[in-house]
Amino acid sequence: MTTLEEAARLDAADELAAFRDRFVPITDPGVVAYLDGNSLGRPLRATAERLQELVADQWGARLIRSWEERWLALPERIGDELGRVALGAAPGQTIVADSTSVCLYKTLRAAAALRPGRDEIVTDSANFPSDRFLVESVAAELGHTVRWIEGGDVRPEDVAAVAGPRTAAVVLSHVDYRSAAIADLAGITRLVHDRGALTVWDLCHSVGSIPVELDAGGADFAVGCTYKFLNAGPGAPAFLYVNARHHAEFGQPITGWMGAADTFGMAEHYVPAPGIRRALSGTPPVLGMVGVQEGVALLAEAGIERVRAKAVALGRWVLALADEWLAPLGFTVASPREDARRGGHVTLRHSDAERLSRVLIEHGVLIDFRRPDGIRVGLSPLTTGFTEVRAAMDRIRELAA
């Protein structure tokens, strides 16, 4: 059933419905539904309050004293909590630092350095542009060759066909940014290790949406952003993960004073800090980390398993509405229909998707267009309701017709 009554029933049974009140309300009366939280999550009320407190008290009153009192330990403290709540990572392996692109550069360079004598990097041709661009850039710097897996939705057999004795690292997204297909992190990592190479996982569309098990899956390195499902805000700092087994030899290429063993020693030469802190470079973005901290705290309260369960239910709801209302209008589903293989969004294909996306946004359905023909319906479980999704799909049906 796709009736309004069924949507109301699903909303009434939603264990996470109360969390919607924790977000800054949408005041634009023209917005029918915000279905782009997989690109930019909505702001938390708590983040706005924390930022005011930080500016007035920690910064305004305590001034530079807050570095030692509050701020210096934030990258590791928030990283450990993020690892516990969302990444399946033991303490001391995750740190908040830089943008996703910079974190990916650091981890890829580190992975390649740990495999001397190997001169190939593997990724897929449908990976997110930053990932592909950085793989090509690092390969050019090191004189390596890029080996491409054609297409998205990468499976272990696809990696097996490309990775070999010359492979240093394999860079893949855990959840495909177009289709939302979930890669087999543990299976692919195991295969890559059998080939003697290392993995670098992009978790941008995973973190805060689906449970991730980095330690259990044997991952070597991982990176991810915080402004999507963690709702940390535009430009919020990303995170990187380095498995503890690599800490003794892990080196990153952008050495800076915050990653030095003695931050304020002003030493003549760089000596890396022990453990994950050596992944830092410059001064941490304290204002941005407030949003990360609040987003992780809210996720801890909600529980990643409950978030995942609602994401699955929302995905089923979109699929049912698409099959009934949109398929007759030329739409097809580009995301996996199996719950276990679909992340936190559903992508619909249409031959006129680019123009239709602009029309939808103009009429209050805030979605994302992804070339060549994809309309992404983002499903953020802490802010998205079933009635809201139904209203959006109804508007899509009306405008497409």
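The exercises below, each with a worked solution, concern a predicted model.

**Exercise 1. The order of the sheet**

Work out in which order the strands form the sheet, and which strands stand at its edges.

Solution. Begin with the order: seven strands make up an open sheet, arranged as β2-β8-β7-β6-β5-β3-β4, and their pairing is mixed. Next, look at the two ends of that order, where β2 (94-96) and β4 (145-149) are found at the edges; each has a single partner strand, so one side of each lacks a neighbour in the sheet. Finally, follow the sheet across its strands, and the twist comes to an average of 20 degrees from one strand to the next.

**Exercise 2. The surroundings of strand β6**

Determine which strands pair with β6, in what sense they run, and whether the residues of β6 are buried or exposed.

Solution. Take the pairing with β7 to start: β6 (residues 198-202) and β7 (residues 221-224) run in the parallel sense and share three bridges, and Trp201 has Ala222 of β7 as its bridge partner. Then turn to β5, which runs parallel to β6 and is joined to it by five bridges; here Leu172 is partnered with Trp201 of β6.

For burial, the cut-off is under 20% relative accessible area. Five of the five residues of β6 are buried, so the strand is largely enclosed by the rest of the structure. In a regular strand, side chains alternate between the two faces of the sheet. In β6, Leu198, Val200 and Asp202 lie on one side while Thr199 and Trp201 lie on the other, and with all of them buried both faces are covered.

**Exercise 3. Helices on the sheet**

Find which strands helix α8 touches and which strands helix α4 lies across, and give the angle for each helix.

Solution. Helix α4 (residues 74-87) lies across β2 and β8 (239-242), and its course makes about 125 degrees with β2. Helix α8 (residues 185-194), which also packs on the sheet, touches β5 (167-173) and β6, with its direction at about 155 degrees to that of β6.

To see what α8 buries, list its buried residues, namely Leu185, Gly187, Ile188, Thr189, Leu191 and Val192. These pack against α7 (156-160), β5, β6 and α9 (214-217). After the helix comes Gly196, which has a positive phi near 85 degrees.

**Exercise 4. Two residues of α8**

Establish which residues Ile188 and Thr189 touch, leaving aside those up to four places away in sequence.

Solution. Ile188 lies in α8 and, because its relative accessibility is 0%, it counts as buried. Its contacts beyond four places in sequence are Val154, Arg155, Pro156, Val159, Leu172, Ala183 and Trp201. Thr189 also belongs to α8, and its relative accessibility of 1% means that it counts as buried. Under the same exclusion, Thr189 touches Thr199, Trp201, Gly217, Gly218 and Ala219. Trp201 therefore appears in both lists, as a contact of Ile188 and of Thr189.

**Exercise 5. A patch on the surface**

Identify which residues form the nonpolar patch, and which helix gives the most to it.

Solution. The patch on the surface is formed by Leu51, Val55, Trp59, Leu63, Ile64 and Leu287, which together have about 570 Å² of accessible area. Helix α2 (residues 45-59) gives the most, with three residues. Val55 is found in this helix, and since its relative accessibility is 40%, it counts as partly exposed.

Terms used
Residues are numbered from 1 along each chain as its sequence is written. This is a predicted model: local features need pLDDT of at least 70, side-chain atom pairs count only at pLDDT 80 or more; totals for chains, interfaces and linings use all residues. Side-chain values use heavy atoms; hydrogens and water are left out. Two strands pair if DSSP finds at least two bridges between them. Helices (H or I, at least four residues) and strands (E, at least two) are DSSP runs, numbered from the N terminus. Axes are lines fitted to C-alpha atoms, for helices over the stretch in contact, and angles run from 0 to 180 degrees between N-to-C directions. Contact means heavy atoms within 4.5 Å. Patches are made of residues with over 30% relative accessible area and no salt bridge: like charges are joined within 9 Å, nonpolar side chains (Val, Leu, Ile, Met, Phe, Trp, Tyr) within 5 Å. Accessible areas come from the Shrake-Rupley method with a 1.4 Å probe; for residues, only the protein chains shown count as cover. A salt bridge is a side-chain nitrogen of Lys or Arg within 4 Å of a carboxyl oxygen of Asp or Glu. Buried means under 20% relative accessible area, exposed over 50%, partly exposed in between (1.4 Å probe, protein chains only).
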